[in-house]
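Biologist: Could you take me slowly through one part of this model, the charged pairs and what surrounds them, and then set that part within the chains it belongs to? I am new to reading structures, so please give the reasoning along with each step.

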Amino acid sequence: MKGNPIWEVFIRSKNGLEHRHVGSLHAEDAKMAMENARDVYTRRQEGVSIWVVESKHITASNPSESGEMFDPAKDKAYRHPTFYDLPDELEHI
Amino acid sequence: MKNIKDQEAAFQARIDAGEKIEPKDWMPEKYRKTHIRQISQHAHSEIVGMLPEGNWITRTPTLRRKVGLLAKVQDEAGHGLYLYSAAETLGISRDELFHQLHTGKAKYSSIFNYPTMTWADIGAIGWLVDGAAIINQVMLTRTSFGPYARAMVRICKEESFHQRQGYEIMLTLCQGTPEQKAMAQDALNRWWWPSLMMFGPRDEESPNTEQSVKWKIKRKTNDELRQQFIDITVPQAEVLGITIPDPDLKWNEERQHYDFGEINWDEFWQVVEGNGPCNKERLQARNDAWNNGAWVRNAARAHAEKRAEQKKVAEAI
Amino acid sequence: MENKNKSLIDYLLILGDNSLILGHRLSELCGHGPSLETDIALTNISLDLFGQVRSYFQYAAELTGGDSTEDTIAMKRMDREYRHTWLVEQPNKDFAYVIGRQFLFDAFHLPLLEQLVNSKDEMIAAVAAKSIKESRYHLRFSSSWMERLGDGTQESHQRMQSAINDLYPFTYEFFEETETEKLIFEAGIGADLKVIESTYRQTVKDVFAKANLEIPTAPARKTDGKKGIHSEQLGFILAELQFMQRAYPNMTW
Ligand SMILES: [Fe+2]
Ligand SMILES: [Fe+2]
Ligand SMILES: [Fe+2]
């Protein structure tokens, strides 16, 4: 028995904000996924825009590679404004 | 390469530190299995729970009650869906989980094996059953498995009107005619004890509690939660002016809790074993929905495949 | 004035009862749908329809005066006083019937509302303006399922075609103008059923073609729902719909 595909649902809660992942559902095709997403995930005015994408099309990073993926960014404090020492009385900078 | 013991210790340390576990993270096999079982039981409870209340949708006394109840029962379908989705991240399909439910292999909350006879039962369920569920669910919003915790956050948001809906029904009945108030009292009489059973067996009979607490699928024991529920609910019954059907119920000044009478654990286990008043009907209804829907699901599949094929051909030309 | 109110109330019942009875039929399915997603979707439609019912009946109650409320109108009329068409009370025989019934109603409902938004009666215009978006979505939903089932498997095609064969002959009733509808249309409040009918047949043609379904050629069923003559189904629907109001009269819920 082959189940029908899983889709991931992303919703923009209002204009100006990004789409956020809100959950998943099952649907046979994109049209059905869109309609299901509307019916399941926007019953309380949660959104103004929906994206659906079949889960299998998402490539996810592997947690076992988290070290090489994300740790190298840790010691790059110079990318952040507080790295640079400026006198306190200085304004608008 | 770390050995399994170290891995498990590191895993537990992450949970202890308040980190969430996500589906692709390494996890002990027992963690995966326990979560599949617990999340799917929870999901089954949501959708089987639609049946006793759904039974009254066509008979609500007013249109206002009708839209409230419809929206509430619909929410429970959504809760089932969110939870099945959370379980699916652990590598099991919704179809498989349905199969476990339909064949009677999986359990669901035994409260839903009791009949809804009168309109007041709808009030009592919203008040007591959703009330008891919320206590559990609020605790689970902080559980260690990310998808489960997120589903619970969404569910708790939606649940907030369920209990109020039920309590308002009870309040209206209790402020109504003597006949209505008697209906409310009768519903409380029938739903009180099964509601207390929702928190599960006594602590000394629930061997998995320690492990569950470690994984944060439990933060309090069954007995603690039950006590919390009773302490919250007794004053609510007083506002309604109806009597909780327990002659031993009494405030204990020393404990700062209500003492209460002995739960009929034999009844509890009977219902869990499948011998409750409506177990058969509930399972039959779920099986019927599934079986009658088979040709629909097949059609949707066939149609999607046809359209995909047509698209391919069109693109090739 | 008296007379105008009477026709207006009558018209509100014709509008509201279709939504009431169809909403009721859909509400029977809550918890029994072929998948969780469709279960939720059908309940959304049911809730939209009951929302419309409440608006129409609250208005009708106001016009009626006395003890009349949305609930006495919904639940305390006698069988012969309901004004919906036969199509909407047809039972949920299978999912093909549910979808077929829904599509055949939506295809009528949307162009009806498109006219009612311009009604001279502000209340009706306002309800139509709100309902039109709901109805547009309902039609989109039911049309896409017509396609899926009509052009799915052999079994689904057969079921869909046979549901349509049974249901289509009821659709002619929408367009048989009653005295009330005529009066209300002439007063600038109602809708031109002839215009709606041509839109209707076109929608049906388009969707049936995509769904690989044949338009049934069976003649119209001789039904008079809008005049209060109903099928044997209605008594059972009312037995549930009215149960509480009849068994426990004059109470607050
Ligand atoms: Fe629940
Ligand atoms: Fe729930
Ligand atoms: Fe609930």
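Modeller: E76(B) and K72(B) are both buried, and in this predicted model the two form a salt bridge whose closest N and O atoms are 3.3 Å apart. Both residues belong to helix 4 of chain B, which covers residues 63-88, and because they are 4 residues apart there, about one helical turn separates them. As a general matter, side chains of opposite charge can pair when their charged atoms come close.

Both members of this pair are also touched by a residue from another helix. H162(B) is found in helix 7 of chain B, residues 146-174, and its contacts, leaving aside residues up to four places away in sequence, are K72(B), D75(B), E76(B), H79(B), G126(B) and D130(B). H162(B) has a relative accessible area of 0%, and it therefore counts as buried, since the cut-off for that word is a value under 20%.

One of the residues that H162(B) touches, D75(B), leads us out of chain B, because a network of salt bridges links D75(B) and E158(B) with R43(A) and R44(A). The letters in brackets show that this network includes residues of chain A as well as chain B.

Other pairs also join one chain to another. D151(C) forms a salt bridge with K306(B), with 2.9 Å between the closest N and O atoms. D151(C) lies in the loop between helix 6 and helix 7 (154-167) of chain C, while K306(B) lies in helix 12 (residues 279-316) of chain B, and so this pair joins two chains. The two partners can be described separately by their accessibility: D151(C), at 10% relative accessibility, counts as buried, whereas K306(B), with a relative accessible area of 32%, is partly exposed.

A further pair runs between chains A and C. D29(A) forms a salt bridge with R148(C), and here the closest N and O atoms are 4.0 Å apart. D29(A) sits in the loop between strand 2 (19-26) and helix 1 (30-41) of chain A, and R148(C) sits in helix 6 (residues 122-150) of chain C, which makes this a pair that crosses between chains. D29(A) has 17% relative accessibility and counts as buried, and R148(C), at 1% relative accessibility, counts as buried too. These pairs are examples from a longer list, for over all chains the structure holds 43 salt bridges.

Now let us step back to chain B, which holds the pair we began with. Chain B has 12 helices and 2 strands, and along the sequence they follow the pattern α-α-α-α-α-α-α-α-α-α-β-β-α-α. The radius of gyration of chain B is 22 Å, close to the 20 Å that the globule rule gives for 317 residues, and so chain B is as compact as a globular protein of that length. Its C-alpha atoms fill a box of roughly 75 × 50 × 35 Å along the principal axes. Of the 317 residues in chain B, 58% are buried. If we take contacts in chain B between residues at least 6 apart in sequence, 77% of them join residues at least 24 apart. As for charge, chain B carries 42 positive and 43 negative side chains, and the centres of these two sets lie 7 Å apart.

Chain A, which contributes R43(A) and R44(A) to the network, can be read in the order used for chain B. Its secondary structure comes to 2 helices and 3 strands, arranged along the sequence as β-β-α-β-α. Chain A has a radius of gyration of 21 Å, whereas a compact globule of 93 residues would have one near 12 Å. The box filled by the C-alpha atoms of chain A, again along the principal axes, is roughly 65 × 35 × 15 Å. Buried residues account for 29% of the 93 residues of chain A, and among its contacts with a separation of 6 or more, 42% are between residues 24 or more positions apart. There are 12 positive and 16 negative side chains in chain A, and the centres of the two sets are 10 Å apart.

Definitions and conventions: Residues numbered from 1 in each chain as written. Chains lettered and ligands numbered in written order. Predicted model: local features only at pLDDT ≥ 70, side-chain atom pairs only at ≥ 80, totals over all residues. Heavy atoms only, no water. Salt bridge = Lys/Arg side-chain N within 4 Å of Asp/Glu carboxyl O. Buried < 20%, exposed > 50% of the residue type's maximum accessible area, 1.4 Å probe, protein only. Rg over C-alpha atoms; globule rule 2.2 N^0.38 Å. Contact = heavy atoms within 4.5 Å. Lys, Arg positive; Asp, Glu negative; His and termini not counted. Charge placed at Lys NZ, Arg CZ, Asp CG, Glu CD.
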